[in-house]
Amino acid sequence: MLYGRSEEQRRILALLDAAAAGHGSALFLVAEPGAGKSALLELAAELAGDAWRVLRCTGIQSEAELPFAGLQLLLSPVLGGLGTLPGRQRIALLAAFGASPARLAENRFLVGVGTISLLTTLSNAQPVLCLIDDAQWLDRPSAEALVFAARRLGAQRVVILFAGRPEFTVSGVAELRLPPLDAEAARGLLAEHAGELPGEIRECVLATAAGNPLALLELPKMNIDTLPLGPLPLPDRLQCGYQGRIADQTAHARLALLVAAAEETGDLALVLRVLTALGATVDALSAAERSGMISVVGSSIGFAHPLQRAAAYRSAPFPQRLAVHAALAAALVDQPDRRAWHLAAAATGPDEAAAAALEAAADRAYHRAGYATAATALERAALLTADRIARLRRLVRAVEAAADAGQSDRALRLADETERSSGPGPDERARLADVRARIEFERGSVRTAHRLLVDAAADIATTQPDRAAAMLIGAAAAAWAAGDLGEVAAARVRMAELDLGQRRAALLAVLDGPLAVHSADRQAGVRLIRSTVRTGRTLLDDGPAPQLTLAQQAMIIGDVDDARDILAELATQCRERGMVGWLPAVCGTLGTAEVLLGHFHEADAALAEGLRVAQEVDQPNRSCQAQAMLAVLAAIRGEEQRCHELAERCLRRQSTDFNAVDLAQAEWALGLLDLAYGRYEAAVDRLESLYDSPYRALGQWVHLMGDRVEAAVRLRRPDRARGPLLALESWSAATRSPWIEACLLRCRGMLDSDGDAYARALVMHAAEQRWFDHARTGLLYGEWLRRERYKTEARTVLRGALRTFERLDARPWADRARTELRAAGEAVAQSRSDLAALLTPQEFQVVRLAASGATNKEIGSRLLLSPKTVAHHLYRAFPKLGVTSRHGLAGVDLDDTVVPDP
């Protein structure tokens, strides 16, 4: 499979089809080394198949001075056909190939005519395809003969494809220049051949390859140094491809190429200053430009391709590279970050000045949200540090920065290195354990994460009680995720033993609240959690971990709006700060909150982002979280196959060391799907089994209780609804939350056939803007009204429910509402297609931001996409929304909320 070459494939196929019909032609595929020219020639041979006669030759650099070497290689399989040619043409070709003493080979015209005559003769039997690779290395006589033939194919059933570099020119023959692969194709090719590449290495390869297929295939096989101290080393085939052009330059031109390659920004003035300092002049730069590898435009220098920059850099002797970096550092006194990197590149051993400069650059990167950059700077600084204590400090900071940047493999590698070589003390070991625990949790080893945090907290209980408390809160969260309330209580006991001073009561409340909501005094637990959420945002560290804990606790007691506000702000912070390692957890939890609120399009967007980033940074726990909630959305929409696929991906991971919350949500999705499609017995059985399992300790599950009641009532088993109804009553009394009371009223309406309860529930749902819940209650109320023969009132309520279900794309519920409307005597049209439902989650997210006035660059920064990808999503979305530009988005309603008719 060729990635990103569909247009080229179409062009070649058109040539073959035309030639088979008697319209021969030629094409010159032009590209830099590694762009896939040879692969396209192979594709042409495959497309031609057995029906064609395929002739091949490849230019060989060492034979470029041997006349007709290339032509002989191409035609050698068919020289038996020379006997059919006119005498002078036959003799000319034989002389060209050294098979005749005649001197007619010197008549290039006859050789060219003989070549086209031979190809024409062959094409009478079957079409002929000539594939000439590395045309830039053909000997001149062969090239002239083949180009002569290519310009005169006319009505022959012959196609000649040349493939070569830009320095080879073919006048009179159509050219097809191969562009670099686009971002999507490059990622696809890399994923197929190096799918297990760590995220940071993958991005480095993608940036360096810049769409070059050979580089994408070869760079992952190399020992890649990800530190930005110069371009990556090139594979031999690519390096050799550029080596000759570089070697042909003068010494000063090669120096100019090296300085331009080492100076990463293309600053013309800086390059000229450094060249002067190294004893060269502007003439050196002019000579380098004549090579065609660089161009000077205005005040900037640029290489034609990043691989040429890498070749120019790696071709230079090591001492010369050191000298250039030292000269660049000397010239960058007013730019400390860039100066630090060039100091490091010029160092050949421990260098505290360079190390200190890099650590200072890392500090500045932190403040600019450049966690990956900070990790790289700190790692390099540690390598340049001789003092053990300073080296240890820099390595631990590098581990933490790498983890925040989502570079888990790198963080673990650095942690291993730190523990092996630097002899960390208890404080450093605790910080490393904190990082390890976070990575283990996100990769699915929840109990392993819990154990690491408990052990590390014990090591620093006396020296750093505040850090120990934070680690115990993390350990409790891991225990909660595993469904183990006993370990949550144990973490609380350990925290009570710490000397926490004035913060003691507030910190203990972080664990007391969740424990209390599952005790006899549930109301006290609700009060504690609400107090913690209210005060914790200032009391606790403002980092992602404590803020995520606060949001999760708010969701436990049904304060989903508060949780959503915390999470939306936290997601923005993580994007702006480049904290990619935290983004899947935040987006997954935000998506859960949006689902519970009935904001399904927003949920789709958040969950899709969380899933994409989780897969990129290898966080299967968070992948499962997103997939479980996407399964819930699929159940609501009636996407049965998708719901089963998503839920079963999570359930296949079921183990004693995985996040039980996600498994519970996957089970809920399947139960909700059964309920949506009227499989009431299966729904009751599944939801009862789920609620009665240890998973029930993981949250209040108001929606699950309501679904259990509805499934039991529709099954005509009200006895199986009493238990969840009592639980709902308990939660409603403890939380005094209007939306929970509305769910309770709906359930009472079902069990007691109470129209007033339904009506009150509708009012409360509307006040809370819970429109999916409002529509579900309206459907049940409309059914009740119809049964009670209030058909006019039933139609009014059912119309509002149907409109909301259609808007939210809740198809099974919409179908039931239509059925009820028909039963109530109203003719119902087929469902309409909601505009927002036409968009993919990524398109929806991009369109919402574009409609708010954000530029492509701003959207890309927020969603971790390139501006080009943003433009692609907008281009695909505009026709779906019936607009032609972003200005038309102002008139498109993309809001999930809909207020039903009164």
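Colleague: In which sense do strands β6 and β7 pair, and over how many bridges?

Modeller: In this predicted model, β6 covers residues 294-297 and β7 covers residues 300-303. Val 297 of the pair stands opposite Ser 300 in β7. The pairing sense is antiparallel, and the number of bridges is four.

Colleague: Which residue in the turn between β6 and β7 has a positive phi?

Modeller: The two strands form a hairpin, with two residues between them. The turn residue with a positive phi, of about 65 degrees, is Gly 298.

Colleague: What is the strand order of the open five-stranded sheet?

Modeller: Pairing in this open sheet is parallel. β2 and β5 (174-177) each have a single partner strand, so one side of each lacks a neighbour in the sheet and both stand at the edges. From one strand to the next the twist averages 20 degrees. The order is β2-β3-β4-β1-β5.

Colleague: How many bridges join β3 to β4?

Modeller: β3 and β4 run parallel. Within this pair, Val 128 is placed opposite Val 158 in β4. The number of bridges joining β3 to β4 is five.

Colleague: What angle does the direction of α2 make with that of β3?

Modeller: Two helices may be considered on this sheet. α1 lies across β1, β3, β4 and β5, and runs at about 150 degrees to β4. α2 packs on the sheet and touches β1, β2, β3 and β4. The angle between the directions of α2 and β3 is about 170 degrees.

Colleague: Which residues of α2 are buried, and against which elements do they pack?

Modeller: Helix α2 spans residues 37-48 and reaches 17 Å from its first C-alpha to its last, close to the 16 Å expected. Its buried residues are Lys 37, Leu 40, Leu 41, Leu 43, Ala 44, Ala 45 and Ala 48. The elements against which they pack are α1 (6-20), β1 (25-30), β2 (53-58), β3 (128-133) and β4 (158-164).

Colleague: Which residue just after α2 takes a positive phi?

Modeller: α2 comprises twelve residues, 37-48. Just after this helix, a positive phi of about 70 degrees is taken by Gly 49.

Colleague: Are helices α28 and α29 roughly parallel or roughly antiparallel?

Modeller: α28 (residues 560-577) and α29 (residues 583-597) pack with their axes 9 Å apart, at an angle of about 150 degrees. Angles over 145 degrees count as roughly antiparallel, so α28 is, relative to α29, roughly antiparallel.

Colleague: What is the handedness of the crossing of α28 and α29, and which residues meet there?

Modeller: On the α28 side, the residues that meet α29 include Val 560, Leu 567, Leu 570 and Cys 574. Among their counterparts in α29 are Leu 583, Val 586, Leu 590 and Leu 597. The crossing is left-handed.

Colleague: Is Asp 707 buried or exposed?

Modeller: Asp 707 lies in helix α35 (residues 702-714). Neighbours within four places in sequence left aside, its contacts are Trp 668, Leu 672, Leu 675, Leu 687 and Arg 776. The relative accessibility of Asp 707 is 2%, and the cut-off for burial is under 20%, so Asp 707 counts as buried.

Colleague: Which residues of α39 are met by α35?

Modeller: α35 and α39 (residues 771-787) pack at an angle of about 20 degrees, with their axes 13 Å apart. That angle makes α35 roughly parallel to α39, and the crossing is left-handed. From α35, His 703, Asp 707, Glu 710 and Arg 714 take part; in α39 they meet Asp 773, Arg 776, Leu 780 and Glu 783.

Conventions: Residues numbered from 1 in each chain as written. Predicted model: local features only at pLDDT ≥ 70, side-chain atom pairs only at ≥ 80, totals over all residues. Heavy atoms only, no water. Expected span 1.5 Å × (residues − 1). Buried < 20%, exposed > 50% of the residue type's maximum accessible area, 1.4 Å probe, protein only. Contact = heavy atoms within 4.5 Å. Pairing = 2+ DSSP bridges. Axes fitted to C-alpha atoms, helices over the stretch in contact; angles between N-to-C directions. Parallel < 35°, antiparallel > 145°, perpendicular 65-115°, else oblique. Left-handed = near helix turned anticlockwise from the far one by under 90°.
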